[in-house]
Amino acid sequence: MSATADHAEERTNPAARLGFQPGQVVQEIGYDDDVDQELREAIEGIVESDLVDEDYDDVADAVVLWFRDDDGDLTDALVDATTYIEEGGAILLLTPKTGRSGYVEPSDISEAATTAGLTASKSVSVGKDWSGSRLATPKAAKSKR
């Protein structure tokens, strides 16, 4: 029965679908009043701790990056986010859905991810107002710096 429950949770809990694991340190960047609190709580539930903020001074296992079109340069934000995570870690880029204030074009996300040296997966709905893209860092990215 628990295996079925685990599979059901993966389908219904976006944090589980996005690959978060218990014990991970997840850093959150770009927090504002418009973020999806349910998603934040779901991630915290999966990793079994609070998200750490932008002032966290150690490496994280993953980064949650809330980004809106008027937040500046997406490529710069992604490059900055890679400095906070372990080799091979992931960045969950969260952007407003189509028609919402701050919407970011998928082509802009793809271009910024490629320029930042990240591999993008397809976009997934993670809430009423937000879409998520899981971006993977190459394992050797840190050694090039």
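Colleague: Strand β5, residues 130-136: is it enclosed or open, and why?

Modeller: This is a predicted model. In it, five of the seven residues of β5 are buried, so the strand is largely enclosed by the rest of the structure. Buried here means under 20% relative accessible area.

Colleague: Which strands pair with β5?

Modeller: Strand β3, residues 85-96, pairs with β5 in the antiparallel sense over seven bridges. Strand β4, residues 119-125, also pairs with β5 in the antiparallel sense, over five bridges.

Colleague: Give me residues I can click on. What is the bridge partner of Leu 92 in β5?

Modeller: Arg 134. For β4, look at Ala 120, which stands opposite Leu 135 in β5.

Colleague: And how many residues are in the hairpin that joins β4 to β5?

Modeller: Four residues make that connection.

Colleague: Zoom out to the sheet. What is the strand order?

Modeller: The order is β1-β2-β3-β5-β4, in an open sheet of five strands. The pairing is mixed.

Colleague: Which strands stand at the edges?

Modeller: β1 (26-29) and β4. Each has a single partner strand, so one side of each is left without a neighbour in the sheet.

Colleague: How much are neighbouring strands turned against each other?

Modeller: By 20° on average, with direction ignored.

Colleague: You said mixed. Do β2 and β3 run parallel or antiparallel?

Modeller: Parallel. Six bridges join β2, residues 60-66, to β3. One place to look is Ala 62, which stands opposite Ala 90 in β3.

Colleague: Switching to helices. At what angle do α4 and α5 cross?

Modeller: Roughly 45°, and their axes come within 8 Å. Helix α4 covers residues 74-82 and α5 covers residues 106-115. That angle makes α4 oblique to α5.

Colleague: Is the crossing left-handed or right-handed?

Modeller: Right-handed.

Colleague: Which residues make the contact?

Modeller: From α4, they are Leu 74, Thr 75 and Leu 78. From α5, they are Asp 108, Ile 109, Ala 112, Ala 113 and Thr 115.

Colleague: What does that contact look like by class?

Modeller: Five residues are nonpolar, two polar and one charged.

Colleague: Last topic, the whole chain. How many helices and strands?

Modeller: Five helices and five strands. From the N terminus on, the elements run α-α-β-α-β-α-β-α-β-β.

Colleague: And what share of the residues is buried?

Modeller: 43% of the 145 residues count as buried.

Colleague: What about contacts between residues 24 or more positions apart?

Modeller: Those account for 75% of the contacts with a separation of 6 or more.

Technical notes
Residues are numbered from 1 along each chain as its sequence is written. This is a predicted model: local features need pLDDT of at least 70, side-chain atom pairs count only at pLDDT 80 or more; totals for chains, interfaces and linings use all residues. Side-chain values use heavy atoms; hydrogens and water are left out. Buried means under 20% relative accessible area, exposed over 50%, partly exposed in between (1.4 Å probe, protein chains only). Helices (H or I, at least four residues) and strands (E, at least two) are DSSP runs, numbered from the N terminus. Two strands pair if DSSP finds at least two bridges between them. Axes are lines fitted to C-alpha atoms, for helices over the stretch in contact, and angles run from 0 to 180 degrees between N-to-C directions. Angles under 35 degrees count as roughly parallel, over 145 as roughly antiparallel, 65 to 115 as roughly perpendicular and the rest as oblique. A crossing is left-handed if the near helix is turned anticlockwise from the far one by less than a right angle, and right-handed if clockwise. Contact means heavy atoms within 4.5 Å. Ala, Val, Leu, Ile, Met, Phe, Trp, Tyr, Cys and Pro count as nonpolar, Asp, Glu, Lys and Arg as charged, and the others, Gly among them, as polar.
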